[in-house]
Amino acid sequence: MTTIDVVTPVDTSVPTGLGAPVARLEGRDKVTGAARYSYEHTPEGVLYGWIVQSSVTTGTITGSNRDEVLAMPGVRDVITHEQAPHLEDAEDGELLVLQSADVAYRGQPVALVVADTFDTAREAASALAFDYDEGRGDVVLSTDHPSLYAPETVNAGFETDTSQGDVDAAMADSAVTIDETYETAALFNSPMEPHATVATWADGELDVLDSNQGTSGVATTLATLFSLDPSAVRVRAEHVGGGFGSKGSARPVVVLASIGAMLTGRPVKVAYTRQMMFAIAGYRTPTISRVRLAADSEGHLSALSHEAYSHSSTLQEFTEQTAEPTRHLWAAPSRLMTHRLARLDVPTPRWMRAPGEAPGIYAVESAMDELASKLDVDPVELRVRNEPEVDPHTGQPFSSRHLVDCLRRGAELFGWAGRDPRQGVRRVGRWLVGTGVAAATYPASVMPAGARVTALPGGRFEVGVNATDIGQGARTVMAQIAASELGVPLDLVDLHIADSRLPTAGVAGGSSGTASWGWAVTKASRQVTELLAQGQPVPPEGLEVVVDIAEDIAAMSDHSRFAYGAQFVEARVDLDSGEVVVPRMVGVFAAGRIMNARTARSQFVGGMTMGLSMALHEHGMLDPTQGDYGNHDFATYHVASNADVGSIEVEWLDEQDPHLAPMGGKGIGEIGNVGAAAAVANAVAHATGIRVRDLPIQPDKLLAGLPTRY
Ligand code: MOS
């Protein structure tokens with residue numbers, strides 16, 4: 001049975017105010033089916049598109065049975081590279097679909113079949129066959145792959161390589177060192193709602209209903225691809241069933257649906273199947289991290305080094321920023337962080353919840369645990385001893401940093417005191433039992449955003465902000481922010497979100513959505529309130545204020561801004577089978593002001609569950625001869641389900657930070673996912689004495705090393 005205990009140290013005396021556990025505003029619509037996701041819209045005359053994917057790893061299309069398929073009853077068009085319109089480069093090679101006969105990876109879209117019905121489209125797509133001049137595939141990442149190079153920057157513009165002091169010298173001089181390599185598997189974003197689009201062209205304008213994390217960016221991308229004026233593109237995403245980063249930018253589905261609608265002159269809807277998502281949604285690259293630590297006998301680090309390797313496709317450079325978070329985490333005078341990328345014949349990786357942090361912090365926090373064991377220092381104490389006074393990478397003061405408080409409070413909640421540091425010595429029935437801890441950190445960012453607030457006659461307010469609610473509760477929290485700034489009850493606020501016709505705003509990503517959109521809503525609400533206080537009359541059409549926060553962001557103080565957390569895990573390992581179960585996780589977070597206790601708790605629990613899933617289950621298995629991830633469905637790619645999750649306790653500190661956006665929050669979408677996998681791996685090592693350095697920790701990696709039960 002699953003129990004979730006929540007401690008919410010938040011003032012809930014104002015029932016709908018900021019921080020209050022307001023139930024999501026669209027919750028009833030969702031559970032009754034009234035809330036419609038993109039694919040559930042069926043405009044008059046809509047046709048159904050089905051994507052056909054390449055069946056070779058690399059090669060060139062030399063022919064097809066297109067004419068036969070086009071002649072099938074109910075088929076309206078079969079669009080290959082020979083029929084598709086020319087697309088302009090929108091800085092994502094993955095989006096240049098159907099532009100050439102060349103195949104860059106197995107599963108790449110090579111055609112869109114458009115038909116009268118869903119079933120006809122699927123049937124016709126399965127009948128379409130291409131001839132290929134087949135090439136070879138180079139698909140396996142290694143630390144000595146000949147194509148490895150240092151990209152100019154890594155994801156989100158971070159530095160590729162940074163160095164301070166002399167790591168090699170510190171390694172040679174120090175009492176205790178760790179030099180280990182940690183690997184994470186390819187991980188697949190698996191939102192419940194697959195990527196889907198309904199595209200309509202009318203009078204040279206493109207209107208799409210699309211499942212994405214930010215309509216402004218998708219609209220800009222479509223305008224570039226199709227050489228349109230930005231005002232001729234409208235993108236809406238009213239309800240989105242999860243994204244985790246894979247819907248953070250336009251995906252091939254929205255381009256293909258737009259092409260289908262353009263060529264047929266009818267609205268066209270296209271959705272990925274679950275199986276398609278494993279090739280064309282974007283996924284987390286496998287990573288390899290070499291971590292070196294050097295310390296004195298008390299555990300004070302003299303060197304911290306993280307050399308990260310990942311892959312991308314030949315179509316698009318995307319470098320997971322695996323070593324970036326390590327730069328800001330622990331004090332150490334000598335430091336080296338590097339990133340190397342191999343361009344392979346694989347699908348293009350993309351953002352997946354806590355890109356960089358999820359695999360990177362797994363590696364460095366596993367190494368810290370190995371160091372604690374070697375030194376016989378308590379793992380919590382080891383971290384406390386290496387707490388930096390300023391950001392060790394930038395030298396900036398922290399806007400606030402309560403990592404030690406998270407560790408101390410987590411230890412108290414979890415019952416860490418008196419833990420026996422010996423590994424592999426506790427047995428309960430057929431289980432070996434262990435506990436582990438890891439730190440978590442994630443940047444607190446803001447992105448430019450606009451908002452529009454209109455005071456209406458009669459006391460209602462209309463709020464337009466291009467937020468996207470991907471399930472995290474953005475709709476509810478934006479309404480709470482507006483209502484609290486305007487000083488009115490929630491039900492006097494009419495909210496409009498997720499429409500590119502609204503003032504431009506950034507994605508529900510980088511854990512920055514609430515801070516960014518919320519800042520714009522706050523600013524506009526304050527200006528409206530001020531005008532009303534000055535006695536400005538409200539005309540019949542309303543009193544409207546439109547703002548953006550670009551200047552406010554530019555004027556922010558010079559601080560290092562991060563959210564922090566501490567993850568504590570109990571793991572049990574079955575002596576007979578090697579199976580690992582996690583009966584209990586405790587996460588304590590410092591993320592500034594928490595805007596909604598209920599939706600925040602869900603975010604943290606979801607993030608921790610995703611970390612557990614990464615640690616134990618999720619495993620994209622590449623078949624080097626096929627050049628493809630062989631397990632591309634939920635029968636074979638296991639995502640943690642209810643039965644895999646025990647008790648998850650979440651608490652947050654009541655953190656005040658004056659250096660953030662005016663609401664004072666740091667963003668919580670990703671921090672819960674960070675460190676959870678390391679805490680699981682550390683707990684397994686404590687339980688068994690076996691250190692698994694390549695995730696997921698599946699039974700075969702433990703079984704040979706386990707003692708017999710009797
Ligand atoms: Mo998240 S990976 O920033 O959408």
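Reader: Which element gives the largest share of the lining of the second largest pocket?

Author: Helix 5 does, with 4 residues. Keep in mind as we go that this is a predicted model. The pocket itself has a volume of about 520 Å³. Its lining counts 24 residues, and the closest to its centre are Glu-91, Asn-155, Gln-316, Arg-350 and Trp-351. Besides helix 5 (215–225), strand 8 (153–154) also gives two or more residues to this lining.

Reader: How many residues of each class does the lining of the second largest pocket have?

Author: There are 9 nonpolar, 11 polar and 4 charged residues.

Reader: Back to helix 5, then. How should I read a helix like that?

Author: Start with the general idea: an α-helix has 3.6 residues a turn, so residues three or four places apart point the same way. Now look at the case here. In helix 5, 8 of the 11 residues are buried, so this helix is largely enclosed by the rest of the structure. You can find them in the model: Thr-215, Ser-216, Val-218, Ala-219, Thr-221, Leu-222, Ala-223 and Leu-225.

Reader: Which elements do the buried residues of helix 5 pack against?

Author: They pack against strand 14 (205–210), strand 15 (233–236) and helix 6 (252–264). Follow the chain just past the end of helix 5 and you will meet Ser-227, which takes a positive phi of about 50°.

Reader: Now strands, please. How do I read a sheet?

Author: In general, strands of a sheet pair through backbone hydrogen bonds, either parallel or antiparallel. For an example in this model, take the open sheet of 3 strands in the order 5-3-7, where the pairing is antiparallel. Strand 5 (102–103) and strand 7 (130–134) stand at the edges with a single partner strand each, so one side of each has no neighbour in the sheet. Strand 3 (residues 59–64) pairs with strand 7 over 5 bridges.

Reader: Which residue in strand 7 does Gly-63 stand opposite?

Author: Gly-63 faces Asp-131 there.

Reader: One last feature: a loop. Is Ser-399 buried or exposed?

Author: The idea is to compare its relative accessibility with a cut-off: under 20% means buried. Ser-399 has 8%, so this residue counts as buried. You will find Ser-399 in the loop between helix 10 (379–385) and helix 11 (403–414). Its side chain is joined to that of Asp-657 by a polar contact of 2.7 Å. Leaving aside neighbours within four places in sequence, Ser-399 is in contact with several residues, including His-559, Arg-561, His-659 and Lys-666.

Notes: Residues numbered from 1 in each chain as written. Predicted model: local features only at pLDDT ≥ 70, side-chain atom pairs only at ≥ 80, totals over all residues. Heavy atoms only, no water. Pairing = 2+ DSSP bridges. Buried < 20%, exposed > 50% of the residue type's maximum accessible area, 1.4 Å probe, protein only. Polar contact = N/O pair within 3.5 Å; in protein donor to acceptor, adjacent residues only side chain to side chain. Contact = heavy atoms within 4.5 Å. 1 Å grid on protein atoms, 1.4 Å probe; cavity = no way out; pocket = protein on both sides within 12 Å on 5 of 7 lines; lining within 4 Å. Points joined across faces, edges and corners; volume = space filled by probe spheres on them. Nonpolar A, V, L, I, M, F, W, Y, C, P; charged D, E, K, R; others polar.
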